[in-house]
Amino acid sequence: PRKMIRLALASALSDRLNEQRVVVLDSWGITTPNTKSAIKVLDAIGVSGKVLIDVTPNEEATIKSFRNLPEVQLILVGELNAYDVLCNDWIVFSKDSLPGSKDAK
């Protein structure tokens, strides 16, 4: 049932938020695909371990920059789910990819 799926996702996100393991960025600051830039972004925000990055489909440079990193899982906005949230140590959103934002569809 959809209500249970949404409730599970809300619970998983709430768990990560209570652990202060959710980061929201204004933007990624990546204009050209470059894995070194992706590593610098992760270092700058202070995340380590397994990281779930929620992106919108129009963030191509970001997707291409992070896809080669073994500890990073990329997920598109509409595919966010409780299982992936719980399997990762950190959750990183841009303002465009936040659930409920106008661009996150």
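**Exercise 1. Backbone angles after two helices**

Which residue follows H2, and what is the sign of its phi? Determine also where Gln20 is placed and whether Gln20 is buried or exposed.

*Solution.* The model is predicted, with local features requiring pLDDT of at least 70 and side-chain atom pairs pLDDT 80 or more, while totals for chains, interfaces and linings use all residues. Residues are numbered from 1 along each chain as its sequence is written, and side-chain values use heavy atoms, without hydrogens or water.

Step 1. H2 is followed by Gly46, which has a positive phi near 75°. Helices (H or I, at least four residues) and strands (E, at least two) are DSSP runs numbered from the N terminus.

Step 2. Gln20 is placed in the loop between H1 and S1. Although not a glycine, Gln20 has a positive phi of about 55°. Most residues other than glycine have a negative phi.

Step 3. Gln20 has a relative accessibility of 65% and therefore counts as exposed. Buried means under 20% relative accessible area, exposed over 50%, and partly exposed in between, with a 1.4 Å probe and protein chains only.

**Exercise 2. The two faces of helix H1**

Establish the span of H1, and assign its buried and exposed residues.

*Solution.* Step 1. Helix H1 covers residues 2-18, which makes 17 residues, and reaches 24 Å from its first C-alpha to its last, close to the 24 Å expected at 1.5 Å a residue. The expected span is 1.5 Å times one less than the number of residues.

Step 2. Leu9, Ala12, Leu13 and Arg16 are the buried residues in H1. Seen down the axis of H1, they fall within an arc of 95°, so they line one face of the helix. The arc is taken over the directions from the helix axis to the C-beta atoms. An α-helix has 3.6 residues a turn, so residues three or four places apart point the same way.

Step 3. The other side of H1 carries Lys3, Met4, Leu7, Leu17 and Asn18, which are exposed.

Step 4. Strand S1 (22-25), helix H4 (82-87) and strand S4 (90-94) are what the buried residues of H1 pack against.

**Exercise 3. Helix H2 and its start**

Identify the buried side of H2, what covers it, and the residue that caps its N-terminal end.

*Solution.* Step 1. Ala38, Val41 and Leu42 are buried in H2. Their arc around the axis is only 95°, which puts them on the same side of H2. Lys36, Lys40, Asp43 and Ala44 are exposed on the face turned away from that buried side.

Step 2. The cover over the buried residues of H2 includes S1, S2, H3 and S3. Leu42, at 10% relative accessibility, counts as buried. Beyond its neighbours within four places in sequence, Leu42 is in contact (heavy atoms within 4.5 Å) with Val47, Val51, Ile53, Phe66, Leu69 and Val72.

Step 3. The N-terminal end of H2 is capped by Asn34, with a side-chain oxygen 3.0 Å from the backbone nitrogen of Lys36. The backbone nitrogen of Asn34 lies 2.9 Å from a polar atom of the side chain of Ser65. A polar contact is a pair of N or O atoms within 3.5 Å; within protein, one must be able to donate a hydrogen and the other to accept it, and residues adjacent in sequence count only if both atoms are side-chain atoms.

Step 4. Ser65 lies in helix H3 (residues 60-66) and is buried, with a relative accessible area of 0%.

**Exercise 4. The sheet and Asp54**

What is the order of the strands in the open sheet, and which are the edge strands? Describe the surroundings of Asp54.

*Solution.* Step 1. The four strands of the open sheet follow the order S1-S4-S2-S3, with parallel pairing. S1 and strand S3 (72-76) are the edge strands, each pairing on one side only. From one strand to the next the twist averages 20°. Two strands pair if DSSP finds at least two bridges between them.

Step 2. Strand S2 (residues 51-55) and S3 pair in the parallel sense over five bridges, and Val55 stands opposite Leu76 in S3.

Step 3. Asp54 lies in strand S2 and counts as buried at 0% relative accessibility. Not counting residues up to four places away in sequence, Asp54 touches Trp28, Ile75, Leu76, Val77, Leu80, Val92, Phe93, Ser94 and Ser97.

Methods: Axes fitted to C-alpha atoms, helices over the stretch in contact; angles between N-to-C directions.
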